[in-house]
Amino acid sequence: MTLLPSSSRITATLLGWITAAALGALAIPAAQAHGPHGHPAGARQDVGTSPWGPTDEIGRLNLITPASRAAILQRISGGQVYDLATEYYMGMPSWQDAGDPHYQFWMTHTPRGTVVDDPMNVGKDMNATRSYTGTAFSMYSHTGTHIDALNHFGIRGKIWNGFSADEHLGDRGWRRTGIEKFPPLVARGVLIDVAGAKGLDMLPDQYRITRQDLQDALARQKVSLREGDIVLVRTGRMKLYGQPQAYMAKPPGLGLDAARFLVEDGGAMILGADNLSLETFPSEVDDDYVPLHTYLLAQKGVPIMELVALDELARDKVYEFAFIGGPLKIRGGDAAPLRPIAIPVR
């Protein structure tokens, strides 16, 4: 999304893109102005029906089994462990320009303040001796390294497996497909370093990653995809994470056909990237401003990870690893923070 220093200008830019796309005013090439499988973009789409039955709430995470976990864990080589999570800090990149809350952090107790306030009624001497620090924070659920639940995007009020907002969404969140239903994520992880394959530190602004880009990077890395992989795509954008406006402005991201290649040909269980939105903007589909989110979450049951720190893996050319992590169990939530690690395998 094009983000400029003024939040009002940011919002105006975003809304302008969406409106222009809806009106077909973006001069999108005819080959791109279509929905999935080349059908006209206005063709009716429906949410996916789970092959794991009418009660399924986790989609392709059903591919995690005791056998699949054992298969990757027994290959761990030890030694280096890579932290794939970002830090949270005031002013960090987030979706505040879409109206969502900034990340906020504040002190609730300080060593000097408790001497004055005596919140626990233990007296000045005790407070002066036992220094007390307490903090609180609040944020939008899609802030920092996180994973999207399958209820994050749907089609005409329905989400993955036909659950509907009318029946399954209450004032305290979704009663189906909440992020708390996700199991611990233990699986084979694969890094696809698209920026590195092109000899770049970072892909250009608004670059839309193609199927061929992914195939070229995989061939260069000598890595093949397998069903049940957690596939992480590096654009190089994380190098700007400490510069929020630059990080958020015109991000590169996956194209729809590239996502189809990873899921339908490669068998990916989860897709992730190091940018804010996985996909790039403006949309390549004229009746859907977030076609990858619709396709992956609502139609294929594929969770999405965003803001994943991938530069260290790319630096060390670690393209295959054991991915271990899990979201906070926020009941009814549409996303949650994630602290994933990657451990190289033999």
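**Notes on the predicted model: core, helix α9 and salt bridges**

1. Let me start with a residue that may catch your eye. Arg 260 is buried, with a relative accessible area of 7%. This is a predicted model, so please read the values below as computed from it. Arg 260 has a charged partner: its side chain meets that of Glu 264 in a salt bridge, at 2.8 Å from N to O. The two residues sit four apart in helix α9, which puts about one helical turn between them. An α-helix has 3.6 residues a turn, so residues three or four places apart point the same way. Glu 264, at 37% relative accessibility, counts as partly exposed.

2. Helix α9 itself deserves a look. The helix is mostly covered, with seven of its 10 residues buried. Those buried residues are Leu 256, Ala 258, Ala 259, Arg 260, Phe 261, Leu 262 and Val 263. Just after α9, Gly 267 adopts a positive phi of about 80°.

3. On to the nonpolar interior. The largest core has 64 residues, and the members touching the most others are Leu 214, Leu 254, Leu 262, Leu 271, Leu 296 and Met 305. Helix α9 (residues 256–265) gives this core its largest share, six residues. Another core, of 12 residues, lies apart from it and includes Tyr 103, Met 248, Leu 307 and Ala 309. In soluble globular proteins, nonpolar side chains tend to be buried together.

4. Leu 214 is a handy place to begin if you want to browse the core on screen. Leaving aside residues up to four places away in sequence, Leu 214 touches Ile 192, Val 194, Ile 209, Val 233, Leu 254, Ala 258, Phe 261 and Leu 262. Three of those names, Ala 258, Phe 261 and Leu 262, will be familiar from the buried residues of α9.

5. The structure holds 16 salt bridges. In one of them, the side chains of Asp 205 and Arg 237 come to 3.2 Å, N to O. Asp 205 belongs to the loop between α6 (194–197) and β8 (208–209), while Arg 237 belongs to the loop between β9 (230–234) and α8 (244–248), so the pair ties together parts 32 residues apart in sequence. Buried or exposed, where does Arg 237 fall? Arg 237 counts as buried, at 1% relative accessibility, whereas Asp 205 is partly exposed, at 45%.

6. A further pair is Glu 284 with Arg 208, whose closest N and O atoms are 3.8 Å apart. Glu 284 lies in the loop between β11 (270–273) and α10 (291–299) and Arg 208 in strand β8, so this salt bridge ties together parts that are 76 residues apart in sequence. Here the acid is the buried partner: Glu 284 has 12% relative accessibility, and Arg 208 is partly exposed with a relative accessible area of 22%.

7. Some salt bridges share partners. Arg 75, Arg 188, Arg 226, Asp 229 and Glu 320 are joined into one network in this way.

8. Finally, the chain as a whole. There are 11 helices and 15 strands, and 51% of the 346 residues count as buried. Among contacts with a separation of 6 or more, 78% come from residues 24 or more positions apart. The accessible surface comes to about 16,000 Å², and carbon and sulfur atoms account for 53% of that area.

Technical notes: Residues are numbered from 1 along each chain as its sequence is written. This is a predicted model: local features need pLDDT of at least 70, side-chain atom pairs count only at pLDDT 80 or more; totals for chains, interfaces and linings use all residues. Side-chain values use heavy atoms; hydrogens and water are left out. A nonpolar core is a set of buried Ala, Val, Leu, Ile, Met, Phe, Trp, Tyr and Cys residues joined through side-chain atoms within 4.5 Å. Buried means under 20% relative accessible area, exposed over 50%, partly exposed in between (1.4 Å probe, protein chains only). Contact means heavy atoms within 4.5 Å. A salt bridge is a side-chain nitrogen of Lys or Arg within 4 Å of a carboxyl oxygen of Asp or Glu. Accessible areas come from the Shrake-Rupley method with a 1.4 Å probe; for residues, only the protein chains shown count as cover.
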